[in-house]
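Please open the model in your viewer and keep the sequence panel beside it. The tour below moves from one selection to the next and says what is found at each stop.

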Amino acid sequence: MGKVFREVGVFRELTTFIRHIFPSPFIPRISDVPRRLKRFYGSGDLHFITCSCYQRRPLLDTPERRDLFLIVLEDVRRRYELVVVGYVVMPEHFHLLVSEPQTGTPSTVVQALKLGFARRLLVRAAQYEVGDTCSHIWQRRFYDFNVWTERKRVEKLRYIHENPVKRGLVEKPEDWRWSSFRAYAYGEIGPVRINDWRVLKMKVRAV
Ligand code: NI
């Protein structure tokens, strides 16, 4: 029971801080959250994930490639059943703030994302060769930071949304189409569905 209350508590904190930053009617109140949400388990932490392109080359420097990346991210979100809380695609790296997936681990999610994007990119570029899918697109390593305090969640989401501004790509976060900012600020339905906590409802602990 302790776990149940803790997880509902995590969600309440999260919605409170999101509402604080972006008061918008599309963010569900705690009373709107399906009761079965409490059935998910795992640590319940969010993960702040950073992954760079191979040798930090700007392989995501065109709108078409960033669009393609987001298509793959949405596909992976559905397949592995995870909650995407925030994201940004930069010219040579990406950041995600995500829940643990229902299927697999954060690591398998990142692998699927890297491989899925590499395959589609190489097929598009007609350069596909077996065995050469990922190695020249992505850095092998990625960084996974467990986010389990409200302060860190605020910090990471802000960092994600400010990244294109800090880099001088745009003047305001809303001008960068490849982040979750517009979904928060305007309730826009973007290419990647954010904060869809319903995906976690089916998880039942095996006894
Ligand atoms: Ni960054």
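Select Gln-55 to begin, and you will find this residue in the loop between S1 and H2. In this predicted model, Gln-55 has a positive phi of about 50°, although it is not a glycine. Is Gln-55 buried or exposed? Gln-55 is exposed, because 9 other C-beta atoms lie within 10 Å, and a residue counts as exposed if that number is 12 or fewer.

Go next to Glu-81, which sits in the loop between H2 and S2. Glu-81 also is not a glycine and has a positive phi, here of about 55°. Its surroundings are described by 22 C-beta neighbours inside 10 Å, so Glu-81 counts as buried, the cut-off for that being 20 or more.

Now zoom out to the whole protein chain, where the secondary structure comes to five helices and four strands. Read from the N terminus on, these elements follow the order α-β-α-β-β-α-β-α-α. The protein chain has 207 residues, and 33% of them count as buried. Among its contacts with a separation of 6 or more, 68% are between residues 24 or more positions apart.

Select the four strands together, and you will see an open sheet in the order S2-S3-S1-S4, with antiparallel pairing. S2 and strand S4 (143–147) stand at the edges, and because each has a single partner strand, one side of each is left without a neighbour in the sheet. Direction ignored, neighbouring strands of this sheet are turned by 10° against each other on average.

Keep the sheet on display and add helix H2 (residues 63–80), which packs on the sheet and touches S2 and S3. The direction of H2 makes about 160° with that of S2. Then add helix H4 (residues 150–166), which also packs on the sheet, where it touches S1, S2, S3 and S4. The direction of H4 makes about 30° with that of S2.

Finish with strand S3 (residues 93–99), which is mostly covered, since seven of its seven residues are buried. In a regular strand the side chains alternate between the two faces of the sheet. Show the side chains of S3, and you will see His-93, His-95, Leu-97 and Ser-99 point one way, while Phe-94, Leu-96 and Val-98 point the other way.

Which residue in S3 is the bridge partner of Phe-48? The bridge partner is Leu-97, and the pairing of strand S1 (residues 46–52) with S3 is antiparallel, over seven bridges. For the pairing with S2, select Tyr-87, which stands opposite Leu-96 in S3. Strand S2 (residues 84–89) runs antiparallel to S3 and is joined to it by five bridges. S2 and S3 form a hairpin, and three residues lie between them.

Notes:
Residues are numbered from 1 along each chain as its sequence is written. This is a predicted model: local features need pLDDT of at least 70, side-chain atom pairs count only at pLDDT 80 or more; totals for chains, interfaces and linings use all residues. Helices (H or I, at least four residues) and strands (E, at least two) are DSSP runs, numbered from the N terminus. Two strands pair if DSSP finds at least two bridges between them. Two residues are in contact if their C-beta atoms, placed from the backbone, lie within 7 Å. Axes are lines fitted to C-alpha atoms, for helices over the stretch in contact, and angles run from 0 to 180 degrees between N-to-C directions.
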